[in-house]
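Me: I would like a close look at a single part of this model, worked through slowly and in connected prose. Please choose a place where the surface and the fold can be read together, and follow the residues from there.

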Amino acid sequence: MSQPYRPGLRDWYKLRRRDITEAILGAVSPSLARPQLLILGRHDHAGHLCPIGRTVPLRPDAAHLVDENLAAADLGPPLGRHPLPLGVGQP
């Protein structure tokens, strides 16, 4: 950007950037039967599952697709602290 912003003129172009990556569906909130948010994670270099983000609240049609296509994982007995936070914005 070699020129300053000049109000009222159309000198600049607005470019939208989107980064795409693969993620693991780490959690569904509040439940598999009524999904409203998906919490996503990725494995770090040490192999730990780390949260990377969440979806916006799901529309009813998207929530229905999630409900139809997911099943709870059989993880066996708990192995300690769950790698994802209890809620968005919580450690």
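Reply: A pocket, in the sense used here, is an open set of grid points with protein on both sides within 12 Å along at least five of seven lines, and its lining residues have an atom within 4 Å of a point. The model is a predicted one, and the part chosen from it is the second largest pocket, whose volume is about 190 Å³.

The lining of this pocket consists of R18, D19, I20, T21, A23, L40, I52 and G53. Sorted by class, these residues comprise four nonpolar, two polar and two charged ones; glycine is counted with the polar class, so G53 belongs there although it is one of the lining residues without a polar side chain group.

To place these residues, it helps to have the fold in view. The chain contains one helix and three strands, and along the sequence they follow the pattern β-β-β-α. Of its 91 residues, 13% count as buried. The three strands make an open sheet in the order 1-2-3, with antiparallel pairing. Its edges are strand 1, which covers 24–30, and strand 3, which covers 49–54, each of them pairing on one side only. From one strand to the next, the twist averages 35°.

Which lining residue belongs to strand 2? That residue is L40, and across the sheet in strand 3 its bridge partner is G53, so that this bridge joins two residues that both appear in the pocket lining. L40 also has a partner in space at some distance along the sequence: the C-alpha atoms of L40 and L25 are separated by 4.8 Å, although the two residues are 15 residues apart along the chain. Is L40 buried, partly exposed or exposed? Its relative accessible area is 25%, and because buried would require a value under 20% while exposed would require one over 50%, L40 counts as partly exposed.

The pairing around L40 can be followed in both directions. Strand 2, residues 35–43, pairs with strand 3 in the antiparallel sense over five bridges; within this pairing, I39 has R54 as its bridge partner in strand 3, and H43 stands opposite L49. The hairpin made by these two strands has five residues between them, and in it G47 takes a positive phi near 90°. Towards strand 1, strand 2 is again paired in the antiparallel sense, here over six bridges, with I24 opposite G41 and V28 bridged to L38. These two strands form a hairpin as well, with four residues between them. Strand 1 has one further feature to note: P30 is found in this strand, and the peptide bond from S29 to P30 is cis, with omega near 0°.

Back at the pocket, D19 is a lining residue that also takes part in a salt bridge. Its partner is R17, and the closest N and O atoms of the pair are 3.2 Å apart. Both D19 and R17 are exposed.

How many salt bridges does a search of the whole structure find? There are two, and besides the pair at D19 there is one between D61 and R59, where the closest N and O atoms are 3.3 Å apart. Here the accessibility of the two residues falls in separate classes: D61, with a relative accessible area of 46%, is partly exposed, whereas R59, at 56%, counts as exposed, because the boundary between these two classes lies at 50%.

Taken together, the pocket lining includes L40 and G53, which are bridge partners across strand 2 and strand 3, and D19, which is held in a salt bridge with R17.

How values were computed:
Residues are numbered from 1 along each chain as its sequence is written. This is a predicted model: local features need pLDDT of at least 70, side-chain atom pairs count only at pLDDT 80 or more; totals for chains, interfaces and linings use all residues. Side-chain values use heavy atoms; hydrogens and water are left out. On a 1 Å grid over the protein atoms alone, a cavity is a set of points where a 1.4 Å probe fits but cannot get out, and a pocket is an open set with protein on both sides within 12 Å along at least five of seven lines; lining residues have an atom within 4 Å of a point. Grid points are joined across faces, edges and corners, and a volume is the space filled by probe spheres set on the points. Axes are lines fitted to C-alpha atoms, for helices over the stretch in contact, and angles run from 0 to 180 degrees between N-to-C directions. A salt bridge is a side-chain nitrogen of Lys or Arg within 4 Å of a carboxyl oxygen of Asp or Glu. Buried means under 20% relative accessible area, exposed over 50%, partly exposed in between (1.4 Å probe, protein chains only).
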